Amino acid sequence: RMAPSTEFPGNLFYAITFFGLIAFFLYSAGIRYRWFLRGQWVNRFSEPIRRGLGLIPFVLGNTRVARRKYWYSGTLHSLIFWGFVVLQVRTLNFLLNGIHEDASLQSLLGDVYTGFRPVMEVFSLLVIVGTLMAAWQRFFWRPQRMTLNIDGWIILGLIAWLMVTDIFTNSAAIALGHLDNPEFSFVAYGFAELWGGIGFTGQGLELFHVAWWYAHLVDFLVFLVYLPYSKHSHVLTIVPNVFFRSLQPSGVLQPIKDFETAESFGVGKVEQFTWKQMLDSYTCTECGRCTAACPANLTGKALSPKQIIIDIRHLMEEQVPALSPTTHRPEQPTPLIDEVGFDPIWDCVTCGACVEECPVFIEHVPTIMDMRRYLVMEESKMPETAQAVLTQLEQRGHPWRGTQLTRTTWIEEMATDGVEIPMFDGSQEYLFWVGCSGALQERNVKVTKATARLLLEAGVSFGVLGNEEGCSGDPARRLGNEYLYQMQAQGNIDVFKAKGVQKILTMCPHCFNTMEHEYPQLDGRFEVLHHSVFLEQLVAQGKLPRQVGVNGLSEKSVTYH
Ligand code: SF4
Ligand code: SF4
């Protein structure tokens, strides 16, 4: 019944190893925490109830990990994770029992704890199944997206060993008659029966118990100490990372703080990232789901969002030796842009697929954009194509080089066909925002004309701005030129306010995202509707006829892109 650590010299060993390794764990966690304090401030404390409630599905429920597409990884992770949560009770009982039997949960809770023991037995088995599934994945399947290094094997080994040592310790305790209601720990009980069956008793069994007991203790403490130095540090950071997640749509970029007075723009050094971006890098599990979903990576570009997050962590470790004793340290710190690479920063199309896929809410897009802003606004370094677009935006107010069209060509062409497009004068309900593509690209002009005809047919009260329309600012912002974006966006907002615009219809998804989600950052608050949504409403209201069966059209679900 008594743990071997309750008598000398076991108690001395227990005290030294337990408190020594716990102190080391706190030290390891502390140096990381100090790094986060060096990061820039960002407020992620708003809406604490919503943030807290999110922990239930996203951490406890494992919903972002166990997606259908990744059912195998999701299943094994759920088995290990839920097992770990449940078995914390047994670990606590073990540690308290190591101090004194009367302090254990078994003593304090009595039948309640006994009744919970079969549940913990089941989860012990499930954790073992989960680790075997993970081992199979790493050894035979070897998905390309995952980082398959020794680190994963060490953690898997420590977890499996934790279960084995736990079961064997209990089996010996049962065989020695140390445990009441032994059948409640049915797995250990089975082994205890086996020891009895082969005549394993007496001093040998006592030693057997002591050996497994210490093996379990040491494994637990080694696991705890190793965690912060491994990619499995997400076990420690997942809760804060999910709690402090962005509550905004993933396509939204944040403005540069104190833009007028800022001494530098973007991020060119790792310490210019926010504490949340640093926390992100310590939460990455290296599962590779972000890179597997990245369209740039899938088309053979150098960009890997996973690698960018790993690179940032690597640079943090390079600068603080205690973070990772094994990391190679060059004489001069590696510049951030060199570590991440120029091309990956420019390969990103800011689609946000990586953010959507990431099971632990890492925000790659703002991180990449911060480095791009630095390159554009501090270093004037960008690919020729990006330079050409920015020059075009500055000089002509739109990104389409070589177009023969003007913003009013389509209006004039429709007038020639006898269709008058009203100009917005404040008396109409909707501003029909055409956008650069809708006015200046031949194939998009067809969509613009068709949309205008539908709006007229449905009797919608709308008007357009014609030559008063400018670029929404989205291309400049996504290319890292925040200054140009703010000029263009502010110009549009001023026009909208002067003309009394309240509702905006737009065909362009980029304009939609910018006006709906980013103009409010510049105090431009309007009701923005995408034309696909608006047209659907018109059909539902009977203002436009359903076209099913006409010209071969059938009722289908489609993804609009
Ligand atoms: S936002 Fe950039 S990094 Fe993320 S998936 Fe899209 S292209 Fe890749
Ligand atoms: S950033 Fe997220 S999705 Fe990408 S490897 Fe890390 S944990 Fe996985």
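**Close-ups of a predicted protein model**

**View 1. The largest nonpolar core.** In this predicted model, the largest nonpolar core brings together 81 residues. If you want to know where the contacts inside this core pile up, look for W410, I421, F432, F496 and I504, which have the most of them. Take I421 as a way in: setting aside neighbours within four places in sequence, I421 is in contact with W410, I411 and M414, and also with A452, L456, F462 and V464. There's a second core too, separate from this one, with 34 residues. L79, L87, L162 and M163 are among them.

**View 2. L431 on strand β1.** Here we zoom in on L431, which sits in strand β1, a stretch covering residues 430-433. Is L431 buried or exposed? L431 is buried, with a relative accessible area of 0%. Not counting residues up to four places away in sequence, L431 touches F424, then G463, V464 and L465, and also F496, V501, K503, I504 and L505. Don't expect to fit F186 in the same frame: the C-alpha atoms of L431 and F186 are separated by 71 Å, and the two residues are 245 apart along the chain.

**View 3. T6, ahead of the first helix.** Now hop over to T6, in the segment before α1 (10-38). T6 counts as partly exposed, because its relative accessibility is 22% and the buried class stops under 20%. Which residues does T6 meet, leaving aside neighbours within four places in sequence? T6 is in contact with N11, plus N97, G98, I99 and H100. A540 is a long way off: 534 residues away from T6 in sequence, and 75 Å away in space, C-alpha to C-alpha.

**View 4. Stepping back to the whole protein.** Zoom out and you'll find 25 helices and four strands. The protein is more spread out than a compact globule, because its radius of gyration is 31 Å, well over the 24 Å that the globule rule gives for 561 residues. Along the principal axes, the C-alpha atoms fill a box of roughly 105 × 65 × 40 Å. Buried residues make up 50% of the 561. Of the contacts with a separation of 6 or more, 76% link residues 24 or more positions apart.

**View 5. Surface and charge.** The protein exposes about 27400 Å², and carbon and sulfur atoms supply 60% of that area. As for charge, there are 45 positive and 54 negative side chains, with the centres of the two sets 3 Å apart.

Definitions and conventions
Residues are numbered from 1 along each chain as its sequence is written. Chains are lettered from A and ligands numbered from 1 in the order in which they are written. This is a predicted model: local features need pLDDT of at least 70, side-chain atom pairs count only at pLDDT 80 or more; totals for chains, interfaces and linings use all residues. Side-chain values use heavy atoms; hydrogens and water are left out. Helices (H or I, at least four residues) and strands (E, at least two) are DSSP runs, numbered from the N terminus. The radius of gyration is taken over C-alpha atoms; the globule rule is 2.2 Å times the number of residues to the power 0.38. Buried means under 20% relative accessible area, exposed over 50%, partly exposed in between (1.4 Å probe, protein chains only). Contact means heavy atoms within 4.5 Å. Accessible areas come from the Shrake-Rupley method with a 1.4 Å probe; for residues, only the protein chains shown count as cover. Lys and Arg count as positive and Asp and Glu as negative; His and the chain ends are not counted. The place of a charge is taken as NZ of Lys, CZ of Arg, CG of Asp or CD of Glu. A nonpolar core is a set of buried Ala, Val, Leu, Ile, Met, Phe, Trp, Tyr and Cys residues joined through side-chain atoms within 4.5 Å.
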